[in-house]
Amino acid sequence: MLKSLPRSQQIFLVDDEAPPRRAFAALIQLDGRYSVCGEAESAEQALQRLSDADPTIVLTDLKMVGPDGIQLTKAIRTETPTVRTLVLSSHDESLFAERAILAGASGYVMKGDAALQLFDALDTVAHGGIHLSRPMWRALYREPSGSLSKPEHRRLLQIIGLGNPPLHEVADAMGMGETATRALLFEVMEALNLHSETQVRLFAAQERATDAQPQRSSA
């Protein structure tokens with residue numbers, strides 16, 4: 001059964017090699033809920049074209065000539081924060097997935113797994129969640145053993161759970177400076193007995209997915 005999506009999902013492809021762009025464009029067009037609204041062969045070209053293409057999700061390769069997919073993710077989150085980024089790579093996710101998530105990406109998919117994972121990943125990203133492979137999720141996720149008592153802690157978790165925004169966006173939404181927001185994040189980590197910002201982000205995404213059933217997590 002197809003998932004209900006928030007609105008028509010427009011995908012923008014970024015890869016410095018044309019064959020992968022063509023292959024993923026053809027794959028995406030197989031699902032009528034998604035369409036390709038544009039392509040770019042570099043991060044610089046992508047940033048020039050995004051405003052006209054008006055995508056909801058950018059699907060970007062990790063390693064490219066010039067700025068890479070993680071640098072592009074950071075730039076997109078700064079310039080067009082409503083656009084979600086999904087990193088697609090042939091490089092081992094155990095080495096790069098956490099970096100991508102902390103940069104504000106909404107997921108990471110290995111190219112070799114894309115035929116099986118891509119639409120699950122796009123669905124999760126379209127609903128504001130985080131997609132990782134099950135092994136990667138299990139490696140990074142930690143079940144909290146504490147609880148949140150302060151309203152500002154719960155508010156921080158809610159903001160992080162909606163689209164995995166980078167810290168500067170979280171700070172803006174909280175109406176606080178980045179230093180104060182990071183201090184609040186550490187308070188949340190301590191209250192939940194979590195050991196990293198990534199663990200907080202995955203827990204926030206999991207909580208939102210649970211609250212938004214029937215959306216399912218990639219965990």
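**Figure 1. Asn193 in the loop between helix 9 and helix 10.** In this predicted model, Asn193 is partly exposed, with a relative accessible area of 33%. That value falls between the 20% limit for buried and the 50% limit for exposed, which is why the residue gets the middle label. The loop follows helix 9 (178-192) and leads to helix 10 (197-211). The backbone of Asn193 has a phi near 60°. This is a positive value in a residue other than glycine.

**Figure 2. Asp54 in the loop between helix 2 and strand 3.** Helix 2 covers residues 43-53 and strand 3 covers residues 57-61. Asp54 lies in the loop that joins them. Phi of Asp54 is near 55°. Here too the value is positive and the residue is not glycine.

**Figure 3. Leu156 and its contacts in the sequence that follows helix 7.** Leu156 belongs to helix 7, residues 151-161. How accessible is Leu156? Its relative accessibility is 1%, so Leu156 counts as buried. Neighbours within four places in sequence are left aside in the contact list. Leu156 then contacts Val170, Met174, Thr181, Leu184, Leu185 and Val188. Leu185 is 29 residues away from Leu156 in sequence. In space the two C-alpha atoms are 7.5 Å apart.

**Figure 4. Ile101 in helix 4.** Helix 4 runs over residues 93-102 and includes Ile101. Ile101 counts as buried because its relative accessibility is 0%. Which residues does Ile101 touch, not counting those up to four places away in sequence? They are Ser106, Gly107, Ile130, Leu132, Asn164 and Arg201. Ser133 is 32 residues from Ile101 in sequence. The C-alpha to C-alpha distance between Ile101 and Ser133 is 13 Å.

**Figure 5. Gln117 in helix 5.** Gln117 sits in helix 5, which spans residues 114-126. Its relative accessibility is 15%, so Gln117 counts as buried. The cut-off for that label is under 20%. Gln117 touches Val109, His131 and Ser133, with residues up to four places away in sequence not counted. Ser133 also serves as the distance partner of Ile101 in the previous view.

**Figure 6. The chain end at residues 213-219.** Over residues 213-219, pLDDT stays under 50. The model has 19 contacts beyond four places in sequence for this stretch. Where pLDDT is low, the predicted coordinates should not be read in detail. For the protein as a whole, pLDDT averages 89. A score of at least 70 is reached by 92% of the residues.

**Figure 7. The setting of the close-ups: the whole protein.** The protein has 10 helices and 5 strands. Its C-alpha trace spans about 50 × 35 × 30 Å along the principal axes. The radius of gyration is 17 Å, which agrees with the value near 17 Å for a compact globule of 219 residues. Buried residues account for 54% of the 219. Contacts between residues at least 6 apart in sequence were sorted by separation, and 67% join residues at least 24 apart. The exposed area is about 10,200 Å². Carbon and sulfur atoms supply 51% of that area. The protein has 22 positive and 28 negative charges. Their mean positions are 3 Å apart.

Conventions: Residues numbered from 1 in each chain as written. Predicted model: local features only at pLDDT ≥ 70, side-chain atom pairs only at ≥ 80, totals over all residues. Heavy atoms only, no water. Helix = DSSP H or I, 4+ residues; strand = E, 2+ residues; numbered from the N terminus. Buried < 20%, exposed > 50% of the residue type's maximum accessible area, 1.4 Å probe, protein only. Contact = heavy atoms within 4.5 Å. Rg over C-alpha atoms; globule rule 2.2 N^0.38 Å. Areas by Shrake-Rupley, 256 points an atom, 1.4 Å probe, with all protein chains shown as cover. Lys, Arg positive; Asp, Glu negative; His and termini not counted. Charge placed at Lys NZ, Arg CZ, Asp CG, Glu CD. pLDDT = per-residue confidence, 0-100.
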